[in-house]
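Please look over the model shown here before reading on; the report concerns how two of its helices pack together.

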Amino acid sequence: ARCFDAKGRQLPNDAVIATENVYGVRLVAFLGRTGHATLRFVLWDGQREADSTAVPTAAPIGTSRVEIRPVDHLPRIRRMLATADALDAFVSVELDNSNSQPACLRIARYSCELTKSEDASTVSIPHEKLTDLASEDISKLAAEAIRLDASSEEPLQLTTPGDDPTVGVWRFPDERVDAGPWLIYPAKGSPVLFRPMLWTIESQGNAPLERVNIGLSSIANIADPHARFESLQAAIAGLAADFDHPDWGTVEQLADQLYHLPLCTLDLWRAFSRSPEGIAALALRTGGLPSSFLERFSTEMLCVWETIPLGTWVDEMKVFVASCETNPVLSSTISSRVETIASLHPSLRALLEVAQTLCTGCPTDSVRFAQLGQMDFSKLLFAGDNSPFQNLLRDRAEANWPLDLKDEISRARATFLGRFLQPVDLWFREVVVNLPILLATGIATGLAGGWLKADKLRTLRKYQDFCPEWFADAFDLTVARCISEKVIAGLGS
């Protein structure tokens with residue numbers, strides 16, 4: 001079993017490839033008598049193995065050779081990386097034919113690390129990463145630096161040292177730039193995606209910041225990571241309560257300047273992903289953010305949109321309405337924002353329309369129809385050969401169904417929410433089938449459990465990834481059922 005790059009050259013085992021550079025990369029194995037191989041995806045979160053998935057693989061009929069292209073599995077790889085906060089996390093892609101050493105590649109958010117020389121005030125890319133670059137790519141190598149506590153300033157273009165014109169070496173002029181936390185990163189379009197590096201220039205005579213409630217830009221100066229994260233969470237709460245807050249300018253500036261980097265490069269986006277009101281605010285107030293930001297945020301960050309409570313959506317919509325009256329950048333109707341978010345996350349359509357109804361006092365057509373009580377939404381979900389439930393059974397017939405939240409389902413059966421769960425014994429399918437139903441009823445009625453802890457979010461993502469179509473259909477139709485059965489406060493009883 002071997003690995004090859006886009007030019008057909010053999011790669012060493014455990015070679016590191018950035019997610020953006022997997023196109024053309026292949027893992028190849030000859031199966032011999034076995035006829036089968038195992039493709040494994042193993043997530044390493046920077047310190048340990050955090051998750052793994054094994055996929056049986058067979059060679060095409062008439063051949064004993066199997067070829068795996070990581071690009072075909074890129075959505076799975078990116079979603080696995082999203083569950084790890086560490087920038088150094090990677091997914092090990094292994095092709096094992098049981099006859100020889102497995103072929104293995106490490107798919108990471110970047111392809112190499114910078115080497116820092118404080119004596120020479122330089123940073124450099126490992127030489128081996130430059131040997132295969134074409135001349136036109138070498139000319140595109142570029143690095144920039146931005147002061148994180150002054151993001152409104154233009155990035156600093158780094159240049160090669162005057163006495164050392166070596167390619168891939170840049171001088172950081174620490175003796176003449178202002179004190180503060182400087183992020184050194186690959187410029188847009190640079191062919192080598194090296195790991196962003198923090199270079200902090202200490203300020204003489206100033207005490208370190210420790211305060212939680214300070215401006216967003218100043219938070220970058222807090223050295224302690226826990227205090228910095230708490231301060232970010234406090235700042236995000238302020239942003240969610242005021243769409244005209246000046247710190248939104250900082251958010252938009254950072255998103256624009258550093259959008260080509262992995263989002264987990266900044267603690268800011270991780271803090272947003274842990275805040276239900278922060279996520280809802282980002283979704284509603286997107287006027288100054290890159291057009292595909294929400295899609296990338298959903299893919300790269302550890303967030304499950306279905307865990308945002310209905311009350312949070314209502315509150316943030318009210319903030320949105322108030323801001324639209326004074327801020328022309330936000331001159332968009334709630335219905336247009338609902339449509340945009342629901343097109344990205346179809347599972348949220350019914351929930352968002354309920355929130356819109358509660359915010360404006362004017363029921364949408366879909367909410368009004370569900371309130372009539374003439375549609376059996378549970379039947380739509382489970383009955384018929386082409387129902388979402390039957391599609392789930394067919395599409396995942398050979399899969400290993402997860403069961404680690406079985407106790408949650410059992411406890412829920414003894415509560416008010418239990419009547420929404422499937423009454424029949426589904427054996428090993430119990431949790432996959434009922435989890436999105438339980439989540440939807442809890443979120444819609446305000447009786448959800450503690451789903452927002454990081455470990456629960458990772459578990460929820462696992463169930464969501466098992467069959468995204470079922471998870472989305474079950475969640476959306478269950479919210480519609482809650483409307484029909486009049487269990488949502490404010491919509492009638």
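What follows describes one helix pair in a predicted model, then the surroundings of its two members.

The two helices and the residues that each brings to their contact are listed below.

| Helix | Residues | Contact residues |
|---|---|---|
| α9 | 310–324 | L310, W313, V314, M317, K318 and V321 |
| α11 | 349–360 | L351, L352, V354, A355, Q356, L358 and C359 |

Helix α9 and helix α11 pack at an angle of about 55 degrees, and their axes lie 9 Å apart. Because angles of 65 to 115 degrees count as roughly perpendicular and those under 35 degrees as roughly parallel, α9 is oblique to α11. The crossing of the two helices is right-handed. By character, the residues of this contact divide into 11 nonpolar, one polar and one charged.

The length of α9 agrees with expectation, because at 1.5 Å a residue its 15 residues should span 21 Å, and its end C-alpha atoms are 21 Å apart. The buried residues of α9 are L310, T312, W313, V314, E316, M317, V319, F320 and S323. These buried residues pack not just against α11 but also against α4 (225–241), α7 (276–284), α10 (334–344) and α16 (430–445).

On the other side of the pair, Q356 is found in helix α11. Is Q356 buried or exposed? Its relative accessible area is 12%, and since buried means under 20%, Q356 is buried. Leaving aside residues up to four places away in sequence, Q356 touches M317, I334, S335, V338, G361 and T364.

Key: Residues numbered from 1 in each chain as written. Predicted model: local features only at pLDDT ≥ 70, side-chain atom pairs only at ≥ 80, totals over all residues. Heavy atoms only, no water. Axes fitted to C-alpha atoms, helices over the stretch in contact; angles between N-to-C directions. Helix = DSSP H or I, 4+ residues; strand = E, 2+ residues; numbered from the N terminus. Parallel < 35°, antiparallel > 145°, perpendicular 65-115°, else oblique. Left-handed = near helix turned anticlockwise from the far one by under 90°. Contact = heavy atoms within 4.5 Å. Nonpolar A, V, L, I, M, F, W, Y, C, P; charged D, E, K, R; others polar. Expected span 1.5 Å × (residues − 1). Buried < 20%, exposed > 50% of the residue type's maximum accessible area, 1.4 Å probe, protein only.
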